[in-house]
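Biologist: Can we go through this model together? Keep it brisk, please.
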Amino acid sequence: MPFKRYVEIGRVALVNYGKDYGKLVVIVDVVDQNRALVDAPDMVRGQMNFKRLQLTDFKIDIPRVPKKKTLIEAMEKADVKNKWENSSWGKKLIVQKKRASLNDFDRFKIMLAKIKKAGVVRQELAKLKKENAS
Amino acid sequence: MAAKRKTPVKSRNPDLIRGVGKYSRSKMYHKRGLWAIKAKNGGVFPRHDPKPKAPAAAAEKPPKFYPAEDVKKPLLNKRKPKPTKLRASITPGTVLILLAGRFMGKRVVFLKQLPSGLLLVTGPFKINGVPLRRVNQSYVIATSTKVDISGVNVEKFDDKYFAKEVDKKKKKSEGEFFEAEKEDKKKLPEDKKEDQKSVDASLIKSIEGVPDLKAYLAARFSLKSGMKPHELVF
């Protein structure tokens, strides 16, 4: 009830600050009150302050400080990547990234699409209003 | 100076150590073939006399005036200016956003860089009213949108094409001065209009091949609320 996401071995976290900003990492060991040993398939295992991490809902099943190979297998088995990308948090991040990388031409095309969609919605609304009024 | 050789001569006398050659003077005399040159010339080394100089041009008159102090000659300057370095993001066919001037905000197609360093750019005219025009690289944002420019021939355009036409000065008498000037507007010569049409013809075809591109080029760019230029990707 009070806390749902705990720091534990195998907890998947999102890096919030620093060189690895935006990466999903797994807490692999706890160093002391403030720091954790953290690992991901594409980075060198290292320590990170908890303040740099945001815990997610996902947890994988690993022994303390697993070998890189074991870690990767466990992540594949739990299908962390797909579950993350289908979660609403993960989806939001993907949309943010896409918006930031938009070309000037892309922004123009989006503007046209928005106007079109608003036009269709307004038409439907007008139709419904008319039906209701009569 | 003696005629230059095609390749620098390699010494025929290899060094044993620095300063000491392998072969003696007499051996080198033989190696270089000086005996053959002598034999060819009848026992003597060939002599090249200096060419007789033409009699000195009629003796210059001594100058009438010598300045009191020595007059310094300015240093020789052989510098040739190069056209400005083109940003890597600007290639032929790139869509540029003009940032200043009459066509501020217009999106425009880049054709080529002229020898003066300015960029040759066209609307195309039918799409957004920008004619063939020169534009400075600093007043331009390069987007990553590219247009296919292969069908366009821009060889004939250079800075002289854009030079202002010099009118002969007309003398105005008092009476004429107060009348409204008859030829106020300078008409665009027909050949410039033809050039514009020929350049734009193939451009417009390739533009219409991409959906929404024509409307994109017709619209002006502006910063809206919430847009941060340093975070935008163009």
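Modeller: One term to begin with: buried means under 20% relative accessible area, exposed over 50%, and partly exposed in between, with a 1.4 Å probe and protein chains only. By that rule, 25% of the 234 residues in chain B are buried. This is a predicted model, so local features need pLDDT of at least 70 and side-chain atom pairs pLDDT 80 or more, while totals for chains, interfaces and linings use all residues. Residues are numbered from 1 along each chain as its sequence is written, chains are lettered from A and ligands numbered from 1 in the order written, and side-chain values use heavy atoms, without hydrogens and water.

Biologist: How many helices and strands does chain B have?
Modeller: Chain B has 6 helices and 7 strands. These are DSSP runs numbered from the N terminus: helices are H or I with at least four residues, strands are E with at least two. From the N terminus on, the order is β-β-α-α-β-β-β-α-β-β-α-α-α.

Biologist: What share of the chain B contacts with a separation of 6 or more comes from residues 24 or more positions apart?
Modeller: That share is 60%. Contact means heavy atoms within 4.5 Å.

Biologist: Switching to the interface. How many residues does each chain bring to the contact?
Modeller: Chain B brings 18 residues and chain A brings 10. Together they bury about 980 Å², with 58% of it on carbon and sulfur atoms. D212(B), Y216(B) and V233(B) supply 46% of the area that chain B buries against chain A, more than any other three residues. Buried area here is the accessible area (1.4 Å probe) that two parts lose on being put together, summed over both.

Biologist: And F105(A), buried or exposed?
Modeller: F105(A) counts as buried because its relative accessibility is 6%. It sits in helix α4 of chain A. Leaving out residues up to four places away in sequence, F105(A) touches T145(B), V210(B), P211(B), D212(B), L213(B) and Y216(B).

Biologist: Pockets next. What is the volume of the largest pocket?
Modeller: About 990 Å³. Of its 23 lining residues, P131(B), L132(B), L188(B), P189(B) and K192(B) are the closest to the centre. A pocket is an open set of points on a 1 Å grid over the protein atoms alone, where a 1.4 Å probe fits, with protein on both sides within 12 Å along at least five of seven lines; lining residues have an atom within 4 Å of a point. Volume is the space filled by probe spheres set on the points, which are joined across faces, edges and corners.

Biologist: Which element gives the largest share of that lining?
Modeller: α5(B), with 6 residues. By class, the lining of the largest pocket has 10 nonpolar, 1 polar and 12 charged residues. Nonpolar covers Ala, Val, Leu, Ile, Met, Phe, Trp, Tyr, Cys and Pro; charged covers Asp, Glu, Lys and Arg; the others, Gly among them, are polar.

Biologist: What about the second largest pocket: which residues lie nearest its centre?
Modeller: L102(A), R107(A), I110(A), M227(B) and L232(B), out of 22 lining residues. The volume of the second largest pocket is about 710 Å³. α4(A) gives the most to its lining, with 6 residues.

Biologist: Last one, Q137(B). Where does it lie?
Modeller: Q137(B) is in the loop between β6 (133-135) and β7 (140-146) of chain B. It counts as buried because its relative accessibility is 8%. A polar atom of the Q137(B) side chain lies 3.1 Å from the backbone oxygen of K85(B).

Conventions:
Polar contact = N/O pair within 3.5 Å; in protein donor to acceptor, adjacent residues only side chain to side chain.
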